[in-house]
Amino acid sequence: MISIIIPTINEERNIGKTLLKINSINEFSKAEIIIVDDNSEDDTLNIVESFKKKLNIKIIKNKNRLGLGYALNKGFKISKCPFVMFMDADLSLKTNDIIKLYNSREQNSMIVGSRYLKGSRIIGANKIKVFLSYLLNYVTSKIFKLPIVDLSHSFRIISKKIKIKSKNFSHPGFFWEITINADRNNKKIKEIPISFYDRKY
């Protein structure tokens, strides 16, 4: 069993396709889907509501915009399954990579879908932004002596036995902090290569 946390802000052009993708994955037939919405002003939540007959969906709506990390942390706290997957609503992932990350889950571990390993691909993103992101992640990884490079990617699966600790709800600070804290608490952290597609909408 798995809980999938999806943070949303004005994702009406993406969220339906993302939920259809999840619904097509056999491994997720009994998944708990938690949508944490940061006060969308479009049709995002109405679209999510329309999937409630197909998927086990819970909706949390924040009254104010409190940040990506806050949304993921809130979803993680109320999730009931032994593993939690963080997934964006922007269609940046292919189905086979979602399944690959799910199959890599381990107790007491945090597994990151990496954009920067051999075998990883980044499609459609600005090359300068990609290089700067890689450089920043690489330097941070070396400073804190971490076993992975892509510290800032949200796409990851986490054992519920790991406590998510962060006082920083911004991106990428939230992801750096939860990764560093997990490593300092002797939890297993690793990354697997994936293909990342830059959002269209």
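**Exercise 1.** In this predicted model, determine which residues of α4 are buried and how they are placed around the helix axis.

*Solution.* Step 1: D97, I98, L101 and Y102 are the buried residues in α4. Step 2: these residues cover an arc of only 140° around the axis, so they lie on the same side of α4. Step 3: an α-helix has 3.6 residues a turn, so residues three or four places apart point the same way. Step 4: N96 and N103 are exposed on the other side of α4.

**Exercise 2.** Find the residues that F28 contacts beyond its neighbours within four places in sequence, and place F28 in a nonpolar core.

*Solution.* Step 1: with those neighbours set aside, F28 touches I2, I4, I22, M85, I98 and Y102. Step 2: F28 is among the residues with the most contacts inside the largest nonpolar core, which has 29 residues. Step 3: at least two residues of this core come from each of β1 (2-8), α1 (15-23), β2 (32-37), α2 (44-49), β4 (83-86) and α4 (95-103). Step 4: another core, of 24 residues, lies apart from it and includes F76, V84, F174 and W176.

**Exercise 3.** Describe the backbone at N108, K145 and the bond between H171 and P172.

*Solution.* Step 1: as background, most residues other than glycine have a negative phi, and most peptide bonds are trans. Step 2: N108, not a glycine, has a positive phi of about 55°; N108 sits in the loop between α4 and β5 (109-114). Step 3: K145 has a positive phi near 55° and belongs to the loop between α5 and β7. Step 4: H171 and P172 are joined by a cis peptide bond with omega about 10°.

Terms used: Residues numbered from 1 in each chain as written. Predicted model: local features only at pLDDT ≥ 70, side-chain atom pairs only at ≥ 80, totals over all residues. Heavy atoms only, no water. Core = buried A, V, L, I, M, F, W, Y, C linked by side-chain atoms within 4.5 Å. Buried < 20%, exposed > 50% of the residue type's maximum accessible area, 1.4 Å probe, protein only. Helix = DSSP H or I, 4+ residues; strand = E, 2+ residues; numbered from the N terminus. Contact = heavy atoms within 4.5 Å. Arc of directions from axis to C-beta.
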